[in-house]
Amino acid sequence: MVFFWGAAGCQPQRPPTDRALDSTPESAPITEPDLEEPLATPTPVLASEHAIILEDQSSISLPPTLELDPLEFVFPAFDTQTISLWRPPLYPLPWEPTPEDHFYFTRPIGANDVNWPLARYRYGYLLYSEPHTGIDIPAPKMTPILAAGSGTVIHAGYGLYFVQDIYKDPYGIAVAIKHDFGFKGKVLYTVYGHLDRVDVYRGQRVNAGDVIGVVGETGKVSGPHLHFEVRIGDNTFFSSRNPELWIAPPVGWGMLVGQVVESNGRRIPQLKVRLVSLENRQVFEAITYAQGSVNSDAYYSENLVLGDIPEGKYLLYLDFKDQTVKTEIEIKAGQANYFSYRSTRGFDFTRPASKGVQFTPPEPLDPTIEAIPETGS
Ligand SMILES: [Zn+2]
């Protein structure tokens with residue numbers, strides 16, 4: 001049985017010779033110098049009419065999965081950051097640009113450090129044989145980890161997942177917080193994995209921004225980082241959601257949320273998606289969710305989220321095995337910018353219909369701790 005999923009964040013990376021998969025530590029966008037197509041196509045249009053098949057596919061074919069060699073893992077160096085890695089402060093919490101959005105959490109790493117996900121280890125990415133149920137934020141050991149929202153610590157130490165052999169738990173030393181607020185009547189939890197040390201105890205009340213421990217490399221890791229999860233309804237591995245839809249974006253930046261499906265509505269897994277700025281040609285990349293224990297947002301039903309994108313106009317590419325389609329899309333600040341793509345219809349920017357459930361803002365919940373066995377230090 002494989003237990004690599006949730007905590008496997010720290011996956012090995014390709015050797016630096018493979019530019020397409022070579023990840024910078026902070027998922028900073030790279031600049032692609034020679035786009036084949038001209039940039040001046042400013043008229044926003046319904047993309048279904050403008051899905052274009054690129055002629056030369058030789059340079060964009062992708063393997064169906066990321067093939068990673070653990071022996072070639074090199075964890076990023078953190079002393080090489082440049083000023084370009086700076087990001088604006090976050091929108092104030094709770095950030096609710098639409099009734100369906102729920103950016104309730106601050107980032108669990110402070111603003112003076114890299115506090116955004118590694119591009120290669122986003123939610124839903126296939127790591128070993130299971131999709132990743134959280135995001136990984138690269139950070140040096142001993143970097144303070146902050147509570148993403150107010151609540152009560154319900155787990156602190158080893159044994160978040162394993163009841164026995166807790167010191168082999170893939171999450172290592174972990175903290176779980178049951179939050180004071182929920183969404184649509186469901187309890188929210190956040191999970192912090194691979195800590196070096198826990199600074200809170202089970203039952204302790206915490207506020208957003210309180211230090212709960214420090215970054216380490218316990219559990220199933222190949223290097224120090226924070227594995228961060230958002231769970232809704234139940235504090236279980238199977239209740240995760242994409243944290244990028246729950247943590248506030250930087251001011252002036254937005255995110256891309258997409259649903260890429262076949263003609264019959266079946267989700268297309270592990271499809272490479274690129275977003276190329278029409279203004280400075282910065283390239284952002286993502287991969288649609290792998291199949292397995294990951295969950296879509298109840299409203300967006302997405303299988304792709306690409307966060308921390310500066311607002312502006314972009315070309316959006318979907319790299320299918322035998323063709324690439326593209327469209328123009330605008331990333332608006334502070335928003336989840338939605339698109340869908342169905343193979344027979346092309347792109348569509350119509351947001352999903354409301355599911356008829358009345359939105360309720362964060363509501364206080366009984367902070368009573370559930371009866372859970374002590375599992376570790
Ligand atoms: Zn992880």
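The following legends describe close-up views of a predicted model.

Because the model is predicted, local features are reported at pLDDT of at least 70 and side-chain atom pairs count only at pLDDT 80 or more, while totals for chains, interfaces and linings use all residues. Residues are numbered from 1 along each chain as its sequence is written.

**View 1. The chain as a whole has 0 helices and 20 strands.** Helices (H or I, at least four residues) and strands (E, at least two) are DSSP runs, numbered from the N terminus. Of the 377 residues in the chain, 45% are buried; a residue is termed buried if 20 or more other C-beta atoms lie within 10 Å of its own, exposed if 12 or fewer, and partly exposed in between, with C-beta atoms placed from the backbone. Among contacts with a separation of 6 or more, 72% join residues 24 or more positions apart. Two residues are in contact if their C-beta atoms, placed from the backbone, lie within 7 Å.

**View 2. The surroundings of F228 in strand 11 are shown.** Strand 11 covers residues 225–232. F228 is buried, because 26 other C-beta atoms lie within 10 Å. When its neighbours within four places in sequence are set aside, the contacts of F228 are P108, G134, I135, I137, T190, Y192 and P243. A further residue, V175, is 53 residues from F228 along the chain, and the C-alpha atoms of the two are separated by 9.8 Å.

**View 3. Four strands form an open sheet in the order 16-13-19-20.** The pairing in this sheet is mixed, two strands being counted as paired if DSSP finds at least two bridges between them. Strand 16 (304–310) and strand 20 (346–348) stand at the edges; each has a single partner strand, so one side of each lacks a neighbour in the sheet. From one strand to the next, the twist averages 25°; for this angle, axes are lines fitted to C-alpha atoms (for helices over the stretch in contact), and angles run from 0 to 180 degrees between N-to-C directions.

**View 4. Strand 13 is paired with strand 16 and with strand 19.** In strand 13, 8 of the 9 residues are buried, so this strand is largely enclosed by the rest of the structure. Its pairing with strand 16 is antiparallel, over 5 bridges, and V257 stands opposite V305 in strand 16. Strand 13 and strand 19 run parallel and are joined by 7 bridges; the bridge partner of Q259 is S340 in strand 19.

**View 5. Strand 19 and strand 20 form an antiparallel pair.** Strand 19 covers residues 336–342, and 3 bridges link it to strand 20. One of the bridge pairs consists of R342 and its partner G346 in strand 20.

**View 6. Two loop residues, Q270 and S301, have positive phi values although neither is glycine.** Q270, with phi near 55°, is found in the loop between strand 13 (253–261) and strand 14 (272–277). This residue, Q270, is partly exposed because 19 other C-beta atoms lie within 10 Å. S301, with phi near 50°, belongs to the loop between strand 15 (282–287) and strand 16. With 14 other C-beta atoms within 10 Å, S301 is likewise partly exposed.

**View 7. A cis peptide bond runs from L93 to P94.** Omega for this bond is near -10°. P94 is placed in the loop between strand 1 (30–31) and strand 2 (126–127).
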